[in-house]
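Good morning, and thank you for making time for this presentation. Please have the sequence and the coordinates open while I speak.

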Amino acid sequence: MRVVLAEDLFLLRDGLIRTLQEHGCEVVAVDNGPSLLRALLAEGDSAPDAAVVDVRLPPTFTDEGLQAALEARRRRPGLPVLILSQYVEQLYAHELLAGGEGAVGYLLKDRVTHTEQFIDAVRRVAAGGTVMDPQVISKLLLRSDARGRIGTLTQRERDVLELMAEGRSNAAIAGGLHISESAVAKHTASIFTKLRIDPSADDNRRVLAVLAYLKR
Amino acid sequence: MFDNPRTGASRACVAVGRCQLASLHALAVSAMGSLVVLALLLVPVGVGFRLLPPAARALRVLSDRSRSRAERWTGVRIGPPEPLPVDRALNARKRSGAIIADEGFWRDLAWAWLEPVIGGLLVAVPLALIEYGAFGALVQPFIWRLINDGNWYAFIPVHSTATMCGALVLGLAFMAVGLLAAPATLRLHSRVSRPLLSAPRSSRLAQRVERLTDTRARALDAQAAELRRIERDLHDGAQARLVALGMTLDRATRLMETDPAAARELLLDVRRTSEGALQDLRELVHGIHPPVLADRGLGDAVRSLALDSFLDVHVETRLPGKLPAPVESAAYFAVSEALANAAKHSGAREVGVALTYENGSLRATVTDDGHGGADPSRGTGLAGVRQRLDTFDGTLDLHSPQGGPTTVTMEIPCALSSPKTSSS
């Protein structure tokens, strides 16, 4: 898998390159916004399968990385991008999700210390899935809960929804909550009924539907 | 969104009433001015000493009333001069001396003599138009037959039904013009009075220096307190966790050979501790300067606040360019506080936030549809915001009648640092 990595801090970039290479990725590393955009839009053999992007990049040291990623996705819809940031910002999460094509992820930088989870996130995004940091999800859920929209869900259903919104498959949710997969499927169906979302077999669309519902 | 719309007609009527009041007031002012001059003239014979202090005070009451009216009626703010020297311990002679030496007193007196001539005549214009118009429209139709000969209304000789109708129409027109002109006349009146009523330049400067000294001292205090808070947070939070992390790593290193399982436990512990330290640092940085504010500026930072709020927050921004960073920061934390208050105390469901830049100042209004009755003296949040805005010569107004809605209006005078270039 060919991964574009945009990170301006040498220590982090070095660590990320190693981690990705250890898991069989071919890494193209860049350290600023303009070259990130070029790398993302590369054609033919050098076209990336996924990108891991830091929000803050030179030359502006503001949200250059995010802007480059959004611009690349405007020009090439569905281009898989995993954003890594020191902070998770709801506004940025919304901007990433706004297109509705999926294949996006937004994680706190320190999640890379859990190598398996990080690589899993990269793979899921590359496969068209959506991965959101638990911080984003819990905030969204809290907010919706306070507005009484998902107050009808049981605690277990809420746990399932939270993991589901993070982009996990039924098997992973079952493992995480120590319940059977058929129980997860039952909870999922119940959540969709209560939230009035048409269920879909596709994991990615399922998450997008949940997030789209939550972010209203 | 929660405006109380008042129709143009009733506003014009109110303005006419106010013109009438202002013209009566001008008469009182002229009488009081004469009285003060009389007192001054009587000073050489001694009686003036007893008469001058109360007369000067009464004149100040009138001028104060004009100042507050100018603001209430037309929004023209006029800074008052220093209060008159009233030292009760002094005798009448000395008290009069102090008053005569006071610059504000002489300005009051000058105003008392000019106001009837300039202001009084000005506000009389719409009144005269309306009264003359009323005569043409309401009285002429009944009296023109009685005084057939040589009865003129304005430029119309009224001697037939046709010309009477003309006079009637003209009279109505005069009334309409008078009504329409009344609000503008009031505004003009306030503006004309301002140079006479406002504090003399020297005392304005003195007030300003005093205020600047005050706000600078408070800004320095606040900054020192903020630095202490950051130092303490680092000391008790991230720093402590990193030390603990080092100690755990040390133990893990020693256990590696003898008890690999325990060492592994410790290393997992290290990871948890490092995550905690990162979280601490993240919160600390957010409290100093939110990253989204640094990345995107005030508009998007407030939008981001809206997304974090439990309430339905609608954000409207009309900022023509980028604001200075300290102003953005102050405005951000002020809006954040207002939103937090709305969420905690108001019982509101919806909140509107508007950011605009007009006449060289940033204005942020936060309006909720809650039950109102907010009291700025309770709690420290708004007081803190007010203090923060003070440093920028900014203001915070809280309007919160029982039953709501609550509106917090914040204004910070500032210059735009650069014109807007991006489209977002």
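Let me begin with a question: is Val192(B) buried, partly exposed or exposed? This is a predicted model, and in it Val192(B) has a relative accessible area of 31%, so the residue counts as partly exposed. Val192(B) belongs to helix H5 of chain B. Together with Leu114(B), Val117(B), Ile118(B), Leu121(B) and Leu188(B), Val192(B) makes a nonpolar surface patch of about 480 Å². Two elements of chain B give two or more residues to this patch, namely helix H4 (103-143) and helix H5 (161-197). The most is given by H4(B), with four residues.

I turn now to the sheet of chain B. Here we have an open sheet of five strands, in the order E3-E5-E6-E8-E7, and the pairing is mixed. Which strands stand at the edges? They are strand E3 (312-318) and E7 of chain B; each has a single partner strand, and therefore one side of each has no neighbour in the sheet. From one strand to the next, the twist averages 10 degrees.

Consider the E3 edge. E3(B) runs parallel to strand E5 (residues 350-358) of chain B, and seven bridges join the two. Within this pair, His314(B) is found opposite Gly352(B) in E5(B). Helix H11 (residues 325-346) of chain B packs on the sheet and touches E3, E5, strand E6 (361-368) and E8 of chain B. The direction of H11(B) makes about 10 degrees with that of E6(B). Helix H12 (residues 381-390) of chain B also packs on the sheet, where it touches E7 and E8 of chain B. For H12(B), the angle with the direction of E7(B) is about 150 degrees.

At the other edge, strand E7 (residues 395-399) of chain B pairs with strand E8 (residues 406-413) of chain B in the antiparallel sense, over five bridges. Asp397(B) has Thr409(B) of E8(B) opposite. The hairpin of these two strands has six residues between them, and in it Gly403(B) takes a positive phi near 90 degrees.

That brings me to backbone geometry. As a general reminder, most residues other than glycine have a negative phi, and most peptide bonds are trans. Where does Asn359(B) fall in this respect? Asn359(B) is found in the loop between E5 and E6 of chain B, and has a positive phi of about 45 degrees although it is not a glycine. With 80% relative accessibility, Asn359(B) counts as exposed.

In chain A, the loop between E3 and H3 holds Phe61(A), whose phi is near 55 degrees, again a positive value in a residue other than glycine. Phe61(A) is partly exposed, at a relative accessible area of 45%. Pro59(A) is found in the loop between strand E3 (50-54) and helix H3 (64-75) of chain A. The peptide bond that joins Pro58(A) and Pro59(A) is cis, with omega at about 0 degrees.

Some totals for chain A may be useful. The chain has 10 helices and six strands. Of its 216 residues, 53% count as buried. About 9,300 Å² is exposed by chain A, and carbon and sulfur atoms supply 52% of that area.

Finally, the salt bridges, of which the structure holds 33 over all chains. Arg74(A) and Glu71(A) form one, at 3.1 Å from N to O. These two residues are separated by about one helical turn, because they stand three residues apart in helix H3 of chain A. Arg74(A) is exposed, with a relative accessible area of 57%, whereas Glu71(A) is partly exposed at 22%.

Arg73(A) forms a salt bridge with Glu101(A), and their closest N and O atoms are 3.2 Å apart. What does this pair tie together? Arg73(A) lies in helix H3 of chain A and Glu101(A) in the loop between helix H4 (90-98) and strand E5 (104-108) of chain A, so the pair ties together parts that are 28 residues apart in sequence. Arg73(A) is buried, at 6% relative accessible area, and Glu101(A) is partly exposed, at 35%.

In chain B, the side chains of Arg318(B) and Glu316(B) meet in a salt bridge at 2.5 Å, N to O. Glu316(B) is partly exposed, with a relative accessible area of 43%. A network of salt bridges links Arg208(B), Arg211(B), Asp214(B), Arg218(B), Asp390(B) and Asp393(B).

Thank you for your attention.

Note on methods: Residues are numbered from 1 along each chain as its sequence is written. Chains are lettered from A and ligands numbered from 1 in the order in which they are written. This is a predicted model: local features need pLDDT of at least 70, side-chain atom pairs count only at pLDDT 80 or more; totals for chains, interfaces and linings use all residues. Side-chain values use heavy atoms; hydrogens and water are left out. Two strands pair if DSSP finds at least two bridges between them. Patches are made of residues with over 30% relative accessible area and no salt bridge: like charges are joined within 9 Å, nonpolar side chains (Val, Leu, Ile, Met, Phe, Trp, Tyr) within 5 Å. Accessible areas come from the Shrake-Rupley method with a 1.4 Å probe; for residues, only the protein chains shown count as cover. A salt bridge is a side-chain nitrogen of Lys or Arg within 4 Å of a carboxyl oxygen of Asp or Glu. Buried means under 20% relative accessible area, exposed over 50%, partly exposed in between (1.4 Å probe, protein chains only). Axes are lines fitted to C-alpha atoms, for helices over the stretch in contact, and angles run from 0 to 180 degrees between N-to-C directions. Contact means heavy atoms within 4.5 Å.
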